[in-house]
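Dear colleague,

I am passing on the structure we spoke about, together with some notes on what turned up when I went through it. Please open it beside this message and follow along as you read.

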Amino acid sequence: MAKGYQNYRGRRSLGSWLLIILLVLVLAAACLFLFAQLNASYADDGRIYLELPYFGRVYLPTPAPSQPEEEEDPEPAAPPVQLVIDDPEPTPEPEPEPEPEPVDLFGEHHLAELSALPGDGVELTQGLAAQGASGFVYTVRNNAGEIFWASPTGQPKAVKTGEEETERLRAFCGTEGLLSVARFNVLHDSYYAFANMKDAAICQKGGYVWYDNHSYHWLEPEKELARQYVTGLAAECAQLGFDELLLEELCYPTRGNTYKIGYQNNTMEKKDALAQLLTEIRAAVEPYGTKVSLLLTEAQLAGENQEESGVDLATLLPLADGVYVQTADPAAALAALAAPEGVESWPEVVLMTAEPGENENWCIPAA
């Protein structure tokens, strides 16, 4: 035998054989599991079976369903404890809330002008109470013809308020015991007048729409379309629930190049055209119980530029429920607005303590 090392043939240990057997079993189990997943089926009774060649259908054992534990009968509930009270005192009935006193439009009241709508009714009443006011004035149409409610008939570009604010305004107007006044500019309008210059606007002698010293336009009260537009808006304000409609600038323009205005086709005197419009506004809001008042300047009260403005107090005042005037001389204003002898229909007078637009408590009752 050649000398040198021979290959060693060692014996495997028992642990090695056990590990090999375990691996073979795991591999066989995995193969059976995969085979079962691929070939398993369910019988109608819910059992699982294998479809094997030569052996046919072989059912697999399934665990028996667990039996639900029987619930113990609950103990009977104890009878309710009844308390017996001898001679119980009767529950007093709640006292009815006092009804709000009706608002006197021209009695003891103070008005606060709102520059914007409060967030809700609580904020409104608290703000008015802080100023000692029993009502509010809110501008619904200004001297540019802008409209501050969701008007369905207003010139579309003139409407500046949506439905949400309109509903809030409607709720404020419906507050019991609170006087609501809509400040409404009548004839100063840059939207509808420009869109309908021939049929509704005050025009220049050449036919083009006239503009004042602020480049604003005006409506011509003698023209039927202008009156229809204004009275329709007034009726919408009354439908919102306002107690009073305070008409501002119910007059012809007096500032700017008024000599350029073409009145040559007018058929009525200015005072009569204004009276006709005021009468139609009253008729439009009457079904809603809304009062109609006039907001006068001290110049109008003194009769200045009467021929140009068309404001004739003897003609207009009998058609109004009230007249508001800002004046530094209340005694003179009351004397000028006193009802003539024998005249039954005459407006109540409200003197203003501040210039309109200053957002103050600016209305006081007449002395």
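In helix α7 of this predicted model, the buried residues are K270, A273, L274, A275, L277, L278, I281, A284 and V285. Residues three or four places apart on an α-helix point the same way, because each turn takes 3.6 residues. With that in mind you may like to trace the buried positions along α7, among them L274, L278 and I281. The helix itself runs over residues 270–285, which makes 16 residues, and it reaches 23 Å from its first C-alpha to its last, close to the 22 Å expected at 1.5 Å a residue.

What covers these buried residues? The cover of α7 includes the helix α6 (224–240), the strands β7 and β8, and two further helices, α9 (306–309) and α10 (313–316).

Of these neighbours, α6 deserves a description of its own. It has 17 residues and reaches 25 Å from its first C-alpha to its last, where 24 Å would be expected at 1.5 Å a residue, so the two values are close. Helix α6 is mostly covered, with twelve of its 17 residues buried. The buried residues of α6 include nonpolar ones such as Y229, V230, L233 and L240, but R227 and E236, which count as charged, are also buried there. Just after α6 comes G241, which takes a positive phi of about 110°.

I also looked for enclosed spaces, and the structure holds two cavities of 30 Å³ or more. The largest cavity has a volume of about 60 Å³, and its lining is made up of L247, E248, E249, L250, L294, L295, L296, Q300, V311 and L316. The elements that give two or more residues to this lining are β7 (244–248) and β8 (291–296), and β8 provides the largest share, three residues. By character, the lining of the largest cavity divides into seven nonpolar residues, one polar and two charged. Both β7 and β8 are also among the elements that cover the buried residues of α7.

The second largest cavity has a volume of about 50 Å³ and is lined by Q204, W210, Y211, N257 and K260. Its lining residues divide into two nonpolar, two polar and one charged.

With best wishes

Conventions. Residues numbered from 1 in each chain as written. Predicted model: local features only at pLDDT ≥ 70, side-chain atom pairs only at ≥ 80, totals over all residues. Heavy atoms only, no water. 1 Å grid on protein atoms, 1.4 Å probe; cavity = no way out; pocket = protein on both sides within 12 Å on 5 of 7 lines; lining within 4 Å. Points joined across faces, edges and corners; volume = space filled by probe spheres on them. Helix = DSSP H or I, 4+ residues; strand = E, 2+ residues; numbered from the N terminus. Buried < 20%, exposed > 50% of the residue type's maximum accessible area, 1.4 Å probe, protein only. Contact = heavy atoms within 4.5 Å.
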